[in-house]
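Hi,

Here is the structure I promised to pass on. Have a look at it first, and my notes follow below.

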Amino acid sequence: MSTKIRQDQILEILEKQGFVTVKYLSDTLHYSTATINRDLNSLQKRQLVSRTHGGVEAVRSAYVPILFRTQKMRWEKRSIGRIAASFVKDGDTIFIDGSTTAQCMEEYLVNRKKLTVVTNNILLAVNLSKYKEIRVISLGGEIVEQPCMLCGRQTVENAEQYRVDKMFFSTGAVSADGKIASGIYDLMLRAVAKNAKEVFYLVDHKKIDQPFSDIYCDFSAVDRVISDYPFGTDVKTAFPETDFVTVEKGE
């Protein structure tokens with residue numbers, strides 16, 4: 001097992017457990033305590049974990065690397081991305097945010113004709129620009145998440161200039177009753193949503209009821225929720241104007 005894979009597994013364990021001992025990690029991953037300690041020291045230098053006597057805990061406010069997030073819930077994200085892409089028609093102008101969930105729409109858009117994609121994701125912009133029928137607009141601005149996510153004042157100002165048919169975005173968490181977590185992209189998302197005909201929220205079941213403090217919006221602000229999580233009848237009743245699309249297992 002490579003160091004990166006092992007450290008990613010440590011982060012995933014901490015995300016679930018919150019706090020664990022070095023012995024627990026050693027027994028679970030079947031590596032010596034010396035190896036685990038080296039990994040923890042490395043993760044602590046990157047400010048992803050906090051070491052205490054005999055154990056380690058997750059740094060909840062820490063940035064989790066995009067490459068790590070990309071691999072999490074990969075099947076679910078691709079399934080959600082495929083369903084989301086099915087709502088995109090030839091000739092549409094769409095916004096796709098920098099989330100690893102929305103990025104999974106990429107492979108399902110390559111055959112669209114006369115499509116315009118606006119995004120703050122440099123990697124997505126580069127990949128889609130290879131196709132003759134897809135016009136790509138990067139919002140520009142400051143890289144706020146390595147290696148390819150843009151935001152900041154310039155990004156928000158640029159976002160305000162565009163009118164899109166459909167907006168696709170995700171966030172780090174959402175409550176089971178329909179409250180969507182706030183994040184560093186709030187101002188940009190609000191700028192896009194203001195000029196979008198339809199707003200789509202994409203979320204996998206792993207993000208349901210993850211802890212968060214600030215609310216970006218609730219489901220009343222989106223036209224369609226696409227998820228592998230089956231939101232209950234009470235939520236659908238509370239947001240009658242919102243369409244809920246459930247991605248079934250095996251789709």
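Before the notes, one convention: helices (H or I, at least four residues) and strands (E, at least two) are DSSP runs, numbered from the N terminus. Keep in mind too that this is a predicted model.

With that numbering, Lys114 sits in the loop between strand 4 and strand 5 (115-119). I stopped there because of the backbone: phi of Lys114 is near 50 degrees, a positive value in a residue other than glycine. For context, most residues other than glycine have a negative phi. The side of the story that concerns solvent is simple, as Lys114 has a relative accessible area of 67% and is therefore exposed.

Where else does a residue that is not a glycine have a positive phi? His30 does, at about 60 degrees. His30 is also a loop residue, placed between helix 2 (22-29) and helix 3. Its relative accessibility is 69%, so His30 counts as exposed.

Now the aromatics. How many aromatic pairs does a search of the whole structure find? The count is ten. Take Phe169 and Tyr216: their ring centres are 5.9 Å apart and the planes stand at 75 degrees, so this pair is edge-to-face. Phe169 belongs to strand 9 (residues 164-169) and Tyr216 to strand 12 (residues 215-218), so the pair ties together parts that are 47 residues apart in sequence. As for solvent, Phe169 counts as buried because its relative accessibility is 1%, and Tyr216 counts as buried at 8%.

Then there is Phe219 with Phe244. Here the ring centres are 5.6 Å apart with the planes at 70 degrees, so this pair too is edge-to-face. The two residues are 25 residues apart, and the pair links distant parts of the chain: Phe219 is in the loop between strand 12 and strand 13 (224-227), while Phe244 is in strand 14 (residues 243-246). Phe219 and Phe244 are both buried.

These two pairs belong to one aromatic cluster, made up of Phe169, Tyr201, Tyr216, Phe219, Tyr229, Phe231, Phe239 and Phe244.

Next, the N-terminal helices. The axes of helix 1 (residues 3-17) and helix 3 (residues 33-45) come within 10 Å and cross at roughly 75 degrees. Angles of 65 to 115 degrees count as roughly perpendicular, and helix 1 and helix 3 are therefore roughly perpendicular to each other. From helix 1, the contact uses Thr3, Arg6, Gln7, Ile10 and Leu11, and from helix 3 it uses Thr35, Ile36, Asp39, Leu40, Ser42 and Leu43. By type, the residues of this contact split into five nonpolar, four polar and two charged.

Arg6 deserves a second look. This helix 1 residue has a relative accessibility of 7%, so Arg6 counts as buried. Arg6 also lies over the face of Tyr31, at 4.7 Å from the ring centre. Its C-alpha atom is 9.9 Å from that of Thr35, which is 29 residues away along the chain.

Another arginine worth a click is Arg51, in strand 2 (residues 49-52). Is Arg51 buried, exposed or partly exposed? With a relative accessible area of 24%, Arg51 is partly exposed, because buried means under 20% and exposed over 50%. Apart from neighbours within four places in sequence, Arg51 touches Val22, Asn37, Leu40, Asn41, Gln44 and Val56. The C-alpha atoms of Arg51 and Thr21 are separated by 9.7 Å, with their positions 30 residues apart along the chain.

Last, helix 8 (residues 186-194) and helix 7. The buried residues in helix 8 include Asp186, Met188, Leu189, Ala191 and Val192. What do the buried residues of helix 8 pack against? Their partners are strand 4 (93-96), strand 8 (149-151), helix 7 (153-159), strand 9, strand 11 (196-203) and strand 12. In helix 7 you will find Thr155, whose relative accessible area is 0%, so Thr155 is buried. Leaving out neighbours within four places in sequence, Thr155 is in contact with Asn120, Leu139, Gly140, Gly141, Glu142, Leu150 and Met188.

That's the tour.

Cheers

Technical notes. Residues are numbered from 1 along each chain as its sequence is written. This is a predicted model: local features need pLDDT of at least 70, side-chain atom pairs count only at pLDDT 80 or more; totals for chains, interfaces and linings use all residues. Side-chain values use heavy atoms; hydrogens and water are left out. Rings of Phe, Tyr and Trp (its six-membered ring) pair if their centres lie within 6.5 Å; planes under 30 degrees apart count as stacked, over 60 as edge-to-face and the rest as tilted. Buried means under 20% relative accessible area, exposed over 50%, partly exposed in between (1.4 Å probe, protein chains only). A charge sits over a ring if NZ of Lys or CZ of Arg is within 6 Å of the ring centre and within 35 degrees of the ring normal. Axes are lines fitted to C-alpha atoms, for helices over the stretch in contact, and angles run from 0 to 180 degrees between N-to-C directions. Angles under 35 degrees count as roughly parallel, over 145 as roughly antiparallel, 65 to 115 as roughly perpendicular and the rest as oblique. Contact means heavy atoms within 4.5 Å. Ala, Val, Leu, Ile, Met, Phe, Trp, Tyr, Cys and Pro count as nonpolar, Asp, Glu, Lys and Arg as charged, and the others, Gly among them, as polar.
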